[in-house]
Amino acid sequence: MLRAVGFGDSDFNKPIIGVANGYSNLTPCNVGLDALAQRAMAALREAGAMPQVFGTITVSDGISMGTEGMKYSLVSREVIADSIETVCNAQSMDGVLCVGGCDKNMPGAMIAIARLNIPAIFVYGGTIKAGRYAGQDLTIVSAFEAVGSYSAKKISERELLEVERHACPGAGSCGGMYTANTMSSTIEALGMSLPYSSTMAAEDLEKSDSAAESAEVLAAAVRKQIVPSVILTRKAFENAIAVVMAVGGSTNAVLHLLAIAHAARVPLSLDDFEAIRTRVPVLCDLKPSGRYVATDLHQAGGIPQVMKMLLVNGCLHGDALTITGDTIAEALSDVPSVPPGDQDVIRRWGDPMYPQGHLTILRGNLATEGAVAKITGVKSKTITGPARVFESEEACLDAILAGQIKPGDVVVIRYEGPKGGPGMREMLAPTSAIIGAGLGDSVALITDGRFSGGTYGMVVGHVSPEAAVGGAIALIEENDSITIDADARLLQVNVSDGELSRRRASWRPPVPRYTRGVLAKYAELVSSGSIGAVTDSDLSVD
């Protein structure tokens, strides 16, 4: 059968390398991936390997945002991981090169790579270049925020349309330090992709060249038998968390790194994020709350520049191994210890954007298992206000656009968790509408769902236990007083334990929203968001 797909006599002694190709024209993030896969396969052949390409899925978070379709987004991470694992194990692949662009391609591929433990490398499809309108750089989030601004009568319908027309000018993943660029950066920090590759523009030639170089490095790793288990160590995950904090990355990195660590059988918990946060400053002035996009970061020195600053200041493990066979310290040996002086995308160590990391883990009677708060771009890290309770994202968005949310409110969106949604939708539409309406500094939002990497403001997600399993978020009533205190790492509803017990006694689990198909299966299998929303949580972690 292999002869029928192009193998000759001499090819049967060569390593067979799977090329997991996430190409589709569903989304700009993935539309350029096939060209990268083809370039990588040519390089693999030149390096003496036999590449065999296979497809894996993608869905577009940005296109499905705010709809029922968004429930499939986190589910797709598991489908991607399962499909790559299935093909590579079924065909006895000697290595795998994964090419991905959208948010879930990256953690999905990394989960599979960790499970397989064959030589592997990740090739990022690249970031989109910034759109431009009225002298301002635009990203996909600009369009969502413009909807809120239009609803608040701050911009005209013509301006709204012009922002939408110019926000996404070509191929590549969303341009700020949103989830895709956050995850590409973490994979580089983990040592599973090449230096500088995580911030390259999708449409630039260096991205194609990097795909070819990645193939050559993988072929060498197969010969040397450098496998993921020697790279994806506890030190590697601590490095990745440090980079997430330094670049101001997405809350989704918490969920995905927990899941990848689970697949790699590396102990990792929410508390590890908090511990690293306290000693790592936010160094980069990047969207959503900052000014710049990923291509600006690339020009300023990229992730290697950020990592070198972390290394020389004692916040990175230099002895962690990379897929090239070099250690992190060796890979960064030629990188300057300070960023270039002619830019302000990457701040100097003594002059950071924020003195500590921006993702903090909250606990309290509303989140006994933990919740993740993103505190960049907010004037106050504490709020106490009346609860405005919504049973779905759609109901909340309708209220915001109708002007029913007022300064001081604490918006609660529940039954959007991993099981309850199911699928843990991202709340970009409501949070962007809040920002667009000018309420970003005065209104907080908590949810058992997730947030887009494009979200900023006083937002708390991944509230666990979630509402669908009887978490305290299910017991909140309209106008209850809620306190969010990021400094004290507190999330609580200000009612007595006795009152909460009374409410819990009368609470009943909701009827499942789906009883057949993918979402029903996912709801049955998925774990708490506090451990990564994994679907194989019964496996022990050494």
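Biologist: Which helix gives the largest share of the lining of the largest pocket?

Modeller: Helix α5 does, with 5 residues. This is a predicted model, in which local features need pLDDT of at least 70 and side-chain atom pairs count only at pLDDT 80 or more, while totals for chains, interfaces and linings use all residues. Residues are numbered from 1 along each chain as its sequence is written, and side-chain values use heavy atoms, with hydrogens and water left out.

Biologist: Why is this space called a pocket and not a cavity?

Modeller: The search uses a 1 Å grid over the protein atoms alone. A cavity is a set of points where a 1.4 Å probe fits but cannot get out, whereas a pocket is an open set with protein on both sides within 12 Å along at least five of seven lines. Lining residues have an atom within 4 Å of a point. The largest pocket has 22 such residues, and Leu 138, Ser 142, Glu 145, Ala 146 and Ser 149 lie nearest its centre. Its space is about 450 Å³, where grid points are joined across faces, edges and corners and the volume is that filled by probe spheres set on the points.

Biologist: What makes β6 a strand and α5 a helix?

Modeller: Both are DSSP runs, numbered from the N terminus: helices are H or I with at least four residues, and strands are E with at least two. β6 (136-138), α5 (140-151), α6 (157-166) and α17 (428-436) each supply at least two residues of the pocket lining.

Biologist: How many residues of that lining are nonpolar, polar and charged?

Modeller: There are 11 nonpolar, 6 polar and 5 charged. Ala, Val, Leu, Ile, Met, Phe, Trp, Tyr, Cys and Pro count as nonpolar, Asp, Glu, Lys and Arg as charged, and the others, Gly among them, as polar.

Biologist: Why is α5 described as largely enclosed?

Modeller: Buried means under 20% relative accessible area, exposed over 50% and partly exposed in between, with a 1.4 Å probe and protein chains only. In α5, 9 of the 12 residues are buried, so the helix is largely enclosed by the rest of the structure. Among them are Phe 144, Glu 145 and Gly 148. The buried residues of α5 pack against α2 (61-64), β6, α6 and α17. Just after this helix, Lys 153 takes a positive phi of about 60°.

Biologist: How do you know that the length of helix α3 (residues 71-90) agrees with expectation?

Modeller: The expected span of a helix is 1.5 Å times one less than its number of residues. For the 20 residues of α3 this gives 28 Å, and the end C-alpha atoms are 29 Å apart, which agrees. The buried residues of α3 include Arg 77, Ile 80 and Ile 84.

Biologist: What makes the 105 residues that include Ile 84 and Val 96 a nonpolar core?

Modeller: A nonpolar core is a set of buried Ala, Val, Leu, Ile, Met, Phe, Trp, Tyr and Cys residues joined through side-chain atoms within 4.5 Å. The largest such core has 105 residues, and Ile 84 and Val 96 have the most contacts inside it. Helix α10 gives the most to this core, with 10 residues. Apart from it lies another core of 33 residues, among them Ile 375, Ala 474, Ile 482 and Ala 486. In soluble globular proteins, nonpolar side chains tend to be buried together.

Biologist: Which residues does Ile 84 touch?

Modeller: Contact means heavy atoms within 4.5 Å. Not counting residues up to four places away in sequence, Ile 84 touches Ala 20, Phe 54, Thr 56, Val 96, Cys 98, Ala 109, Ala 112 and Leu 116.

Biologist: Why is Ile 17 called buried?

Modeller: Its relative accessibility is 0%, so Ile 17 counts as buried. Ile 17 is found in strand β1 (residues 16-21), and its contacts include Leu 44, Val 96 and Leu 218.

Biologist: Why does Ser 24 count as buried?

Modeller: Ser 24 has 12% relative accessibility and therefore counts as buried. Ser 24 lies in the loop between β1 and α1 (33-46). Leaving aside neighbours within four places in sequence, Ser 24 is in contact with Asn 30, Val 31 and Thr 58.

Biologist: How many cavities of 30 Å³ or more does the search find?

Modeller: The search of the whole structure finds 4. The largest holds about 110 Å³ of space. Its lining has 13 residues, of which Glu 188, Pro 195, Thr 322, Ile 328 and Ala 331 lie nearest the centre. By class, that lining has 8 nonpolar, 4 polar and 1 charged residues.
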